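Work through the exercises below with the sequence and the structure at hand. Each task is followed by a solution in steps.

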Amino acid sequence: MKNESVKRFFHTFRSEISMLIVFIIFYIVMSVVSPAFNTKSNILNVLSQMSVVAIIAIGQTFVIVSGGIDLSVGTIVALSGMIGGMYMAATQNFVVGILIILVVSVLIGAFNGVLIGYLKLPAFIATLGAQVIANSLTYVYSDGNSCSGFPKMISTLGNGKIFGIRYYIIFMVVLYIVMGWVMSNTKVGRFTYAIGSNSESTRLSGINVKAYTMICYIICGLMCGFATLVNTARLMAVDPTTGSGLEMDAIAAVVIGGTSMAGGKGTLFGTFIGVLLYSFLRNALNLLGINPFWQGTATGLVIIVAVLAEIMASKRNK
């Protein structure tokens, strides 16, 4: 029985375990090749840089597991950050400013959820449209200008440390633990997997597929709001181009972590490993002095290999 449980565990989490092994091997090799790689300052620097993408990837995991995708996450960060940031700069009221950021992010997530869950628009089209709208509104609201001059409390959130670790890194880890529990132990998580596996069967079993699909996008919007807070606290400024490319980075991390683009499979543990591998790979390329123009090629190949590995594993299981 014990052997069967172990086999079942390795079979269930084979993608996550495989990527963890890859990450460990990669980390050991880079530690030998570049002495600067395995240092406390470099590790904390990478964790700091990856925090925004890592938090967005939590929401993106829920969405992709449900069989969807969210291309609007980068512009959600830009629009909510600009609206909340301009309010804070004008009033120095960081509490209301934080609430504005979270409310705007959740509302855009809910908007996506209505379009996809209730109006049955394809997720790619709906979130692409939301991306364009949010990007346009960011420029309209800001008149193309950046925003700064936030309250000191925001700077404290960005620069404060506990045992040498920044607050937002700890916040990122806590979010993964909490949302990982939600995904594994609540109806929201179970129904998310069910919808991604077979939405029609899930509907026929009496589950409100429309509502739970919408909840996935609301969760994604909320994670974007938290990511916006971290990004604003780190940079103490918001620019209309803030968030550009974050959607691709988040999707890449989720896919590398073993989440199936077809839906129904994936874990936040895998996503976290994916974010680590993706972020430390970029860091390694910089330390090795690789031409920045070639770095995109390297990371793109990693994404393609990860997807091919998932497809081959799925075929083998069938």
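**Exercise 1.** Decide whether F272 counts as buried, partly exposed or exposed, and describe its pairing with Y176.

Solution. The model is predicted, and the values below are computed from it.

Step 1. The relative accessibility of F272 is 21%. Buried requires a value under 20%, and exposed a value over 50%. F272 therefore counts as partly exposed.

Step 2. Y176 has a relative accessibility of 8%, so this residue counts as buried.

Step 3. A pair of aromatic rings is described by the distance of the centres and the angle of the planes. For Y176 and F272, the centres are 5.0 Å apart and the planes make an angle of 65 degrees. Ring centres within 6.5 Å make a pair, and an angle over 60 degrees counts as edge-to-face. The pair of Y176 and F272 is therefore edge-to-face.

Step 4. Y176 belongs to helix 8 (residues 167-185) and F272 to helix 13 (residues 268-287). With their positions 96 residues apart in the numbering, the pair links distant parts of the chain. By the rule of step 3, the count of aromatic pairs comes to nine.

**Exercise 2.** Find which residues have the most contacts inside the largest nonpolar core, and follow one of them outward.

Solution.

Step 1. In soluble globular proteins, nonpolar side chains tend to be buried together. Here the largest nonpolar core has 80 residues, and F26 and I56 have the most contacts inside it. Helix 3 (residues 40-65) supplies the largest share of this core, 14 residues.

Step 2. Leaving out residues up to four places away in sequence, F26 touches F37, L277, F280, L281 and A284. F26 is also part of one aromatic cluster with F23, Y27, F37 and F280.

**Exercise 3.** Compare the expected span of helix 4 with the distance between its end C-alpha atoms, then state how enclosed the helix is.

Solution.

Step 1. Helix 4 (residues 73-91) has 19 residues. The expected span is 1.5 Å times one less than the number of residues, which gives 27 Å for this helix.

Step 2. The end C-alpha atoms of helix 4 are 27 Å apart, which agrees with the expected span.

Step 3. Of the 19 residues of helix 4, 14 are buried, so the helix is largely enclosed by the rest of the structure. After helix 4 comes Q92, with a positive phi near 65 degrees.

**Exercise 4.** Classify how helix 9 and helix 11 are arranged: roughly parallel, roughly antiparallel, roughly perpendicular or oblique.

Solution.

Step 1. Helix 9 (residues 187-197) and helix 11 (residues 209-235) pack at an angle of about 110 degrees, and their axes are 10 Å apart.

Step 2. Angles of 65 to 115 degrees count as roughly perpendicular. The two helices, helix 9 and helix 11, are therefore roughly perpendicular to each other.

Step 3. On the helix 9 side, the contact is made by K187, V188, F191, T192 and I195. On the helix 11 side, V209, Y212, T213, I215, C216 and I219 take part.

**Exercise 5.** Say where D143 and M236 lie, and whether each counts as buried, partly exposed or exposed.

Solution.

Step 1. D143 is in the loop between helix 6 (123-142) and strand 1 (147-148). Its phi is positive, near 60 degrees. At 63% relative accessibility, D143 counts as exposed.

Step 2. M236 is in the loop between helix 11 and strand 4 (237-238). The phi of M236 is positive, near 55 degrees. At 23% relative accessibility, M236 counts as partly exposed.

Methods:
Residues numbered from 1 in each chain as written. Predicted model: local features only at pLDDT ≥ 70, side-chain atom pairs only at ≥ 80, totals over all residues. Heavy atoms only, no water. Phe/Tyr/Trp six-rings, centres within 6.5 Å; stacked < 30°, edge-to-face > 60°. Helix = DSSP H or I, 4+ residues; strand = E, 2+ residues; numbered from the N terminus. Buried < 20%, exposed > 50% of the residue type's maximum accessible area, 1.4 Å probe, protein only. Core = buried A, V, L, I, M, F, W, Y, C linked by side-chain atoms within 4.5 Å. Contact = heavy atoms within 4.5 Å. Axes fitted to C-alpha atoms, helices over the stretch in contact; angles between N-to-C directions. Parallel < 35°, antiparallel > 145°, perpendicular 65-115°, else oblique.
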